[in-house]
Structures are given as C-alpha cells and as structure tokens.
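This briefing reviews side-chain interactions, grouped by topic. Please consult the sequence and the structure shown below while reading.

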Amino acid sequence: MIFTEEDAKKALQDRLYPGKAVKIENHAITKEGKFVFRSSRKGVVEWLYPHIFTVRIGKFLESFRYSQCFEKGYERVKL
C-alpha cells in the first residue's frame with residue numbers, strides 16, 4: 001500500500017487544526033547515512049489547505065505537506 005497525501009490528511013484530521021502548537025525539527029544525513037538532529041523551532045498552525053498547511057513561526061509563515069508529520073527526512077513536523 002502506498003501512503004499518499006490524502007491518507008496523511010485523513011490520519012491527521014482530529015490532531016491538526018488552526019491554533020495547534022507544533023514543533024519543526026531539522027535533520028541532516030551523515031556520511032554513514034544516519035539522520036542526526038540539527039535544530040528545531042516552534043510555531044502555531046494558521047491555515048489548512050487541500051495539500052498543505054501553514055505554520056506561523058515568529059513573524060514568518062511557512063508551509064508544509066501533510067506527509068511531513070509522518071516521514072523521516074530533513075524537515076519533520078511533530079504535533
């Protein structure tokens with residue numbers, strides 16, 4: 001089974017809403033292929049769109065895909 005954006009959106013239906021506080025973690029890959037933690041920042045969800053959601057981090061507004069709450073990658077959103 002392939003995990004799609006729609007599957008991610010359905011899974012987050014009750015857990016992601018405007019006003020929800022989230023944490024964004026940045027990771028890097030070492031030469032050995034391991035993910036290492038680099039930095040994090042906190043923000044508040046502002047808007048939910050069909051394929052993305054926006055987070056207010058200080059005075060900046062950033063957008064993220066719904067699947068970024070589940071995937072292990074460079075930038076991950078934690079609820």
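In this predicted model, E46 and R56 form a salt bridge whose closest N and O atoms are 2.9 Å apart. E46 belongs to strand β2 and R56 to strand β3, so this salt bridge ties together parts that are ten residues apart in sequence. The points below treat the salt bridges, the aromatic pairs, the nonpolar surface patch and the surroundings of Q68.

**Salt bridges**

- The structure contains three salt bridges.
- In the bridge between E46 and R56, E46 is partly exposed, with a relative accessible area of 27%.
- Its partner R56 is likewise partly exposed, at 30% relative accessibility.
- Salt bridges with shared partners join R41, E62 and E75 into one network.
- Within that network, R41 bridges to E62, with 2.8 Å between the closest N and O atoms.
- This pair links distant parts of the chain, since R41 is in strand β2 and E62 is in strand β4, 21 residues apart.
- E62 has a relative accessible area of 24% and is therefore partly exposed, the class between 20% and 50%.
- R41 also forms a salt bridge with E75, and here the closest N and O atoms are 2.8 Å apart.
- The pair of R41 in strand β2 and E75 in strand β5 connects distant parts of the chain, 34 residues apart.
- E75 counts as partly exposed, at 26% relative accessibility.

**Aromatic pairs**

- A search of the whole structure yields three aromatic pairs.
- One of them is formed by F35 and Y74, with 6.4 Å centre to centre and 70° between the planes, an edge-to-face arrangement.
- F35 lies in strand β2 (residues 35–48), and Y74 lies in the loop between β4 (60–65) and β5 (75–78), so the pair ties together parts that are 39 residues apart in sequence.
- F35 counts as partly exposed at 40% relative accessibility, whereas Y74 counts as exposed at 55%.
- The rings of F53 and Y66 have centres 5.5 Å apart and planes at 40°, so this pair is tilted.
- F53 is in strand β3 (residues 52–57) and Y66 is in the loop between β4 and β5, and the pair links these distant parts of the chain, 13 residues apart.
- F53 and Y66 are both buried.
- F53 and Y66 belong with F64 to one aromatic cluster.

**Nonpolar surface patch**

- I29, F35 and Y74 make a nonpolar surface patch of about 320 Å².
- Two of these patch residues, F35 and Y74, are also the partners of the edge-to-face aromatic pair.
- The position of Y74 is in the loop between β4 and β5.

**Surroundings of Q68**

- Q68 is located in the loop between β4 and β5.
- With 7% relative accessibility, Q68 counts as buried, because this value is under 20%.
- The Q68 side chain reaches the backbone oxygen of E75 at 3.3 Å.
- Apart from its neighbours within four places in sequence, Q68 is in contact with E75, R76 and V77.
- E75 thus appears in two settings: its backbone oxygen is reached by the side chain of Q68, and E75 forms a salt bridge with R41.

Conventions: Residues numbered from 1 in each chain as written. Predicted model: local features only at pLDDT ≥ 70, side-chain atom pairs only at ≥ 80, totals over all residues. Heavy atoms only, no water. Phe/Tyr/Trp six-rings, centres within 6.5 Å; stacked < 30°, edge-to-face > 60°. Helix = DSSP H or I, 4+ residues; strand = E, 2+ residues; numbered from the N terminus. Buried < 20%, exposed > 50% of the residue type's maximum accessible area, 1.4 Å probe, protein only. Patch = residues over 30% accessible without salt bridge, like charges linked within 9 Å, V, L, I, M, F, W, Y side chains within 5 Å. Areas by Shrake-Rupley, 256 points an atom, 1.4 Å probe, with all protein chains shown as cover. Salt bridge = Lys/Arg side-chain N within 4 Å of Asp/Glu carboxyl O. Polar contact = N/O pair within 3.5 Å; in protein donor to acceptor, adjacent residues only side chain to side chain. Contact = heavy atoms within 4.5 Å.
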